[in-house]
Amino acid sequence: MATRDLKIPSQRHPEKAKRPDNAQPKKPSWIRVKAPVGEGYKDTHRIMREHKLTTVCEEAGCPNVGECWNQGHATMMIMGEVCTRACTFCNIATGKPPEDLDVFEPGRVADAVKKLGLNHVVVTSVDRDDIEDGGAEHFAQTIRAIRRQSPGTTIEILTPDFIRCDPKVLEVVVEARPDVFNHNLETVPGLYPEVRPGARYFHSLRLLQRVKELDPTMFTKSGIMVGLGEDRQSVMQVMEDMRAADIDFLTIGQYLQPTPKHHRVDRFVTPEEFAAYEKAAFGKGFLMVSSTPLTRSSYHAGDDFAKLREARLAKLGKA
């Protein structure tokens with residue numbers, strides 16, 4: 001079989017190739033971003049290539065890559081660049097991963113974190129349903145490797161849902177003690193069959209709840225996209241569900257359609273609506289909320305983590 005070229009959309013997403021095109025609406029003024037430029041961007045790009053690392057910034061086509069990389073912030077994506085799920089919103093390549101896990105990857109990630117001088121790093125991954133533990137031990141090894149080389153760096157992980165694994169694999173990740181455990185719900189439960197077909201809403205919610213049960217001091221975080229076809233009431237219900245699971249930090253951002261084969265943009269949510277969601281979320285008791293059109297899970301993650309710690313201290317002071 002010929003090697004896939006992941007730069008070609010039809011080979012990147014073979015399961016979407018025969019889907020009809022969805023028209024991509026013109027982006028409003030508040031969603032446009034500048035092209036990536038600057039010495040900081042070039043340095044970050046060079047370090048990523050030297051260490052043969054994959055970033056979700058590139059693979060998912062994040063609109064904030066120019067700003068973040070210019071500041072030396074990159075979200076590491078471990079366990080390869082092919083995902084075993086086929087979510088209809090996501091631009092990461094899908095299919096059967098061609099390689100086993102790279103045992104040297106945790107060390108290379110740690111080297112890059114040290115070279116970039118990161119105070120806070122976000123580590124995410126593709127889904128690896130082909131591996132018995134879903135990559136839990138690989139996450140733990142990456143956390144430990146970063147701790148050894150950069151003991152002062154705070155670590156945020158954005159994990160898969162480990163839905164096909166023994167529930168005990170979650171303990172492996174939590175015992176490695178990341179500072180923030182993030183797992184995105186992505187959308188409201190009513191849209192899961194068409195947006196996130198390989199996942200289950202209440203499983204993802206329970207995963208985050210179990211993190212808190214295993215370590216009540218660990219910060220938990222989750223995010224959703226809007227503009228996929230949800231309504232305000234369903235977003236409010238997700239907030240309620242998250243707070244019932246004791247999630248500390250909520251991110252809400254605008255869904256942007258990567259290609260015509262991906263899920264359509266239902267609408268562009270206005271900045272005023274995002275501000276209203278933020279106010280409502282703080283009212284429901286989240287310690288930290290980021291709700292803007294360009295919000296992404298790891299956008300300004302370091303600054304937000306500092307605010308998260310301050311918010312907890314303030315809450316404890318009032319208790």
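**Arg 243, salt bridges and strand β6**

Colleague: Arg 243, buried or exposed?

Modeller: Arg 243 counts as buried, because its relative accessibility is 18%. The cut-offs are under 20% relative accessible area for buried, over 50% for exposed and in between for partly exposed, with a 1.4 Å probe and protein chains only.

Colleague: Before I go on, what am I looking at?

Modeller: This is a predicted model, where local features need pLDDT of at least 70 and side-chain atom pairs count only at pLDDT 80 or more, while totals for chains, interfaces and linings use all residues. Residues are numbered from 1 along each chain as its sequence is written, and side-chain values use heavy atoms, with hydrogens and water left out.

Colleague: Back to Arg 243. Which residue does it meet in a salt bridge?

Modeller: Asp 246, with N to O at 4.0 Å. A salt bridge here is a side-chain nitrogen of Lys or Arg within 4 Å of a carboxyl oxygen of Asp or Glu. Asp 246 counts as partly exposed because its relative accessible area is 35%.

Colleague: Which residues do salt bridges with shared partners join into a network?

Modeller: Arg 85, Asp 127, Asp 129 and Asp 161 are joined into one network that way.

Colleague: How many salt bridges does the structure hold?

Modeller: There are 18. One of them is between Arg 85 and Asp 129, whose closest N and O atoms are 2.6 Å apart.

Colleague: Where do those two sit along the chain?

Modeller: Arg 85 is in the loop between β3 (82-83) and β4 (93-94), and Asp 129 is in the loop between β5 (120-125) and α6 (136-149). They are 44 residues apart, and the pair links distant parts of the chain. The helices (H or I, at least four residues) and strands (E, at least two) are DSSP runs, numbered from the N terminus. Arg 85 counts as buried because its relative accessibility is 7%.

Colleague: And Lys 221, which side chain does that one meet?

Modeller: Lys 221 forms a salt bridge with Glu 156, 2.7 Å from N to O. This pair also joins distant parts of the chain, with Lys 221 in strand β8 (residues 219-226) and Glu 156 in strand β6 (residues 154-158), 65 residues apart. Both Lys 221 and Glu 156 are buried.

Colleague: How many residues of β6 are buried?

Modeller: Five of its five residues. Thr 154, Glu 156 and Leu 158 point one way from the strand, and Ile 155 and Ile 157 point the other way.

Colleague: Which strands pair with β6?

Modeller: β5 pairs with β6 in the parallel sense over five bridges, and strand β7 (residues 180-182) pairs with β6, also parallel, over three. Pairing requires that DSSP finds at least two bridges between the strands. On the β5 side, Thr 124 stands opposite Leu 158. On the β7 side, Ile 157 stands opposite Phe 181.

Colleague: What does the chain do between those strands?

Modeller: β5, α6 and β6 make a right-handed β-α-β unit. β6, helix α7 (residues 169-175) and β7 make a right-handed unit of that kind as well. Right-handed means that, with the strands pointing away from the viewer, the path from the first strand over the helix to the second runs clockwise.

Colleague: Change of topic. How many cavities of 30 Å³ or more does a search of the whole structure find?

Modeller: One. The largest cavity has a volume of about 40 Å³. On a 1 Å grid over the protein atoms alone, a cavity is a set of points where a 1.4 Å probe fits but cannot get out, and lining residues have an atom within 4 Å of a point. Points are joined across faces, edges and corners, and the volume is the space filled by probe spheres set on them.

Colleague: Which residues line the largest cavity?

Modeller: Among them are Arg 85, Asp 127, Asp 129, Asp 161 and Phe 162. By class the lining has four nonpolar, one polar and five charged residues. Ala, Val, Leu, Ile, Met, Phe, Trp, Tyr, Cys and Pro count as nonpolar, Asp, Glu, Lys and Arg as charged, and the others, Gly among them, as polar.

Colleague: Where is Phe 162?

Modeller: Phe 162 lies in the loop between β6 and α7. Its phi is positive, about 50°, although Phe 162 is not a glycine. At 6% relative accessibility, Phe 162 counts as buried.

Colleague: What is phi at Arg 177?

Modeller: Near 55°, a positive value in a residue other than glycine. Arg 177 is in the loop between α7 and β7, and its relative accessible area of 46% makes Arg 177 partly exposed.

How values were computed: 1 Å grid on protein atoms, 1.4 Å probe; cavity = no way out; pocket = protein on both sides within 12 Å on 5 of 7 lines; lining within 4 Å.
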